[in-house]
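The exercises below go with the sequence and model shown here. Work through each task before reading its solution.

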Amino acid sequence: MNKIKSENNGIGDGAHRRIRTDIIFGRLAPGQRLRLESLRDSYEVSVSTLREILSRLASEGLVTAEGQRGFQVSTISEHNLREIAALRLLLESHAMAHSFETGGVEWEASVLASHHKLATMERRMSAGDLSQTETWKRYDWEFHQSLIAACGSEMLMQTHAQVFDKYLRYQMIALSHRGEIAAAEHLELKDCALRRDAARARDVLIAHVEGGVSHALETGLLAGFMGDA
C-alpha cells in the first residue's frame, strides 16, 4: 500500500512539475481552459490526480478554479505584472542584503558560476540565437537565486522562487529579451555581490526589474492575453 501510494505521489509530482512549467513558459496560455480529458492524455495521469494538481496550482495563483466549469490558466494583466514585480523587488532586495552579509567563499563561487552560464546564454541571444529561450530564463532564475542563497531563510527563498516564476511567465509570453542592457545589469549585480555592496545592488535590481516590466509591455505580445484585473 505505501509503495503504491509513493509511486502515485511520484507520478503526480512529476505531472505537477510539467504542467506548472508549461504554464510558466506559455505553452499553456493565459485564459486557456484546462479540459481534464485532454490533459489526462497529454500528461498521462488520472482525472482525479489532475484535479488535485490543478487545485494545487490554483493555490499558487497559476490556475483559476471555476466551480462546476472546471479550471483555466490564470489570466494576466498589467496591474498584476506590476504587483508581482514590486513583490519580487521587496523580497529579492531584502534577501540580497542578508546574503551579502553572510555569504562565504562557496556562495561567491556559486554566484560566479551561475553568472558565467547566464552571460554565455545572453551572448547567444544577443547574436540572434533564440532557440534556447527556456535555458536562458532558467539560467536567469539560477543567477538571481544564487544572489540570495546565503540569506539564511528557506521560506524567503521559496517565496521568492514562486514570485519569480510568476514574473517569468510574463517575460516568456512577451519573449522579453533586453540584450546588452540586461546583461550589463547582471554583470553589475555579480560585481556588487563580490564587493558586498547591497545598496548599489538594490539600485541596479530596481532598474533591472522595472526595465523588464517596461520592455515586456512594449513588445505588444501581452496585449492579446490581458484582462482587466
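**Exercise 1. A surface patch**

Which leucines form a nonpolar patch on the surface, and about how much accessible area do they have together?

Solution. The model is a predicted one.
- Step 1: the patch is formed by Leu-130, Leu-175 and Leu-221.
- Step 2: together these leucines have about 250 Å² of accessible area.
- Step 3: to place one of them, Leu-175 is found in the loop between helix H7 (154-174) and helix H8 (180-195).
- Step 4: the relative accessibility of Leu-175 is 37%, so this residue counts as partly exposed.

**Exercise 2. The sheet**

Give the strand order of the open sheet and explain why E1 and E2 stand at its edges.

Solution.
- Step 1: the three strands of the open sheet are arranged E1-E3-E2, and the pairing is antiparallel.
- Step 2: strand E1 (33-34) and strand E2 (63-65) each have a single partner strand, so one side of each lacks a neighbour in the sheet.
- Step 3: the pairing of E1 with strand E3 (residues 71-73) is antiparallel and consists of two bridges. Two strands count as paired here because at least two bridges are found between them.
- Step 4: within E3, Phe-71 is the residue opposite Leu-34.

**Exercise 3. Cysteines**

How many disulfides does the structure hold? Then check Cys-151 and Cys-192 for a partner and for burial.

Solution.
- Step 1: the number of disulfides is zero.
- Step 2: for Cys-151, the nearest cysteine sulfur belongs to Cys-192 and is 18 Å away. A disulfide requires sulfur atoms within 2.5 Å, so this pair does not qualify.
- Step 3: seen from the other side, Cys-192 is also in no disulfide, and its nearest cysteine sulfur is that of Cys-151.
- Step 4: Cys-151 counts as buried, at 12% relative accessibility, and Cys-192 is buried with a relative accessible area of 0%.

**Exercise 4. Three buried residues and their contacts**

For Ala-150, His-115 and Glu-185, find the location, the burial class and the contacts with residues over four places away in sequence.

Solution.
- Step 1, Ala-150: this residue sits in the loop between helix H6 (133-148) and H7. Its relative accessibility is 18%, and the limit for buried is under 20%, so Ala-150 counts as buried.
- Step 2: with neighbours within four places in sequence left aside, Ala-150 contacts His-98, Ser-99, Thr-102, Gly-103 and Trp-107. Ala-95 is 55 residues from Ala-150 in sequence, with 8.3 Å between their C-alpha atoms.
- Step 3, His-115: helix H5 (residues 105-126) contains this residue, which is buried at a relative accessible area of 9%. Not counting residues up to four places away, His-115 touches Phe-143, His-186, Leu-187 and Lys-190.
- Step 4, Glu-185: this residue belongs to helix H8 and counts as buried at 12% relative accessibility. Beyond four places in sequence, Glu-185 is in contact with Arg-178, Val-204, Ala-207 and His-208.

**Exercise 5. Salt bridges**

How many salt bridges are counted? Describe three of the pairs, and name the residues of a network.

Solution. Side chains of opposite charge can pair when their charged atoms come close.
- Step 1: the count is 16 salt bridges.
- Step 2: one of them joins Asp-13 and Arg-56, at 3.4 Å from N to O. This pair links distant parts of the chain, with Asp-13 in helix H1 (residues 2-24), Arg-56 in helix H3 (residues 47-59), and the two positions 43 residues apart. Asp-13 is partly exposed at 34%, and Arg-56 is partly exposed at 40%.
- Step 3: Arg-82 and Glu-78 form another, with their closest N and O atoms 3.1 Å apart. These two are about one helical turn apart, because they are four residues apart in helix H4 (residues 78-102). Arg-82 counts as partly exposed at 43%, as does Glu-78 at 38%.
- Step 4: Asp-191 and Lys-190 meet at 3.0 Å, N to O. Here Asp-191 is partly exposed, with a relative accessible area of 27%, whereas Lys-190 is buried at 14%.
- Step 5: a network of salt bridges links Arg-20, Glu-60 and Asp-165.

Technical notes
Residues are numbered from 1 along each chain as its sequence is written. This is a predicted model: local features need pLDDT of at least 70, side-chain atom pairs count only at pLDDT 80 or more; totals for chains, interfaces and linings use all residues. Side-chain values use heavy atoms; hydrogens and water are left out. Patches are made of residues with over 30% relative accessible area and no salt bridge: like charges are joined within 9 Å, nonpolar side chains (Val, Leu, Ile, Met, Phe, Trp, Tyr) within 5 Å. Accessible areas come from the Shrake-Rupley method with a 1.4 Å probe; for residues, only the protein chains shown count as cover. A salt bridge is a side-chain nitrogen of Lys or Arg within 4 Å of a carboxyl oxygen of Asp or Glu. Buried means under 20% relative accessible area, exposed over 50%, partly exposed in between (1.4 Å probe, protein chains only). Contact means heavy atoms within 4.5 Å.
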